[in-house]
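User: Hi! I would like to learn how the labels for a structure are justified. Could you go through a few with me?

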Amino acid sequence: MLRIFRNAILDKRITRKTFSFSAIAAKRYVIKDHYEFDQKVINSDNPVIVNFHAEWCDPCKILTPKMTELLEPSEEIDLAIVDVDDNAELVHTFEVKAVPAILAFRNGVVVDKFIGLVDANMIENLIGKLTKKKAT
């Protein structure tokens with residue numbers, strides 16, 4: 001989406017490329033607590049890939065944008081981001097021992113997972129599995 005803003009002080013037009021929030025909101029969630037996790041992941045009609053990450057984790061800084069990029073074209077799979085430092089209860093519930101940790105959920109159940117920084121092919125295979133099973 002292209003938006004044009006007028007700066008009244010400088011009296012000039014500023015063109016800025018922005019994304020519609022509604023288009024992104026259905027795809028990526030930043031989970032803040034257990035209640036939100038239940039609402040957006042466990043009760044989701046779509047399969048959800050949950051990325052347990054930490055701000056201090058260098059591999060997480062590589063994996064999180066890669067996951068977002070690979071899931072962008074897919075409208076059938078959502079991405080939920082869980083910060084392990086802010087969500088100790090979820091970390092304990094799903095027995096996350098290292099980050100990054102990726103769990104794939106369908107109908108509220110973990111159907112696949114992997115730990116650590118993996119290549120794009122492994123992520124694409126996971127997306128493919130979730131997409132195929134939803135179609136059947």
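User: Why does Ser44 count as buried?

Analyst: Buried means under 20% relative accessible area, exposed over 50% and partly exposed in between, using a 1.4 Å probe and protein chains only. Ser44 has 12% relative accessibility, so it counts as buried. This is a predicted model, where local features need pLDDT of at least 70, side-chain atom pairs count only at pLDDT 80 or more, and totals for chains, interfaces and linings use all residues. Residues are numbered from 1 along each chain as its sequence is written, and side-chain values use heavy atoms, leaving out hydrogens and water.

User: Which residues does Ser44 touch, not counting those up to four places away in sequence?

Analyst: Ser44 touches Gln39 and Asp78, where contact means heavy atoms within 4.5 Å.

User: What makes Phe37 and Phe105 an edge-to-face pair?

Analyst: Rings of Phe, Tyr and Trp (its six-membered ring) pair if their centres lie within 6.5 Å; planes under 30 degrees apart count as stacked, over 60 as edge-to-face and the rest as tilted. Phe37 and Phe105 are 5.6 Å centre to centre with 80 degrees between the planes, so the edge-to-face label fits.

User: Why does this pair tie together parts 68 residues apart in sequence?

Analyst: Because Phe37 lies in helix H2 and Phe105 in strand E6. Helices (H or I, at least four residues) and strands (E, at least two) are DSSP runs, numbered from the N terminus.

User: How do you know that Phe37 is buried?

Analyst: Its relative accessible area is 0%, so Phe37 is buried. Phe105 is buried as well.
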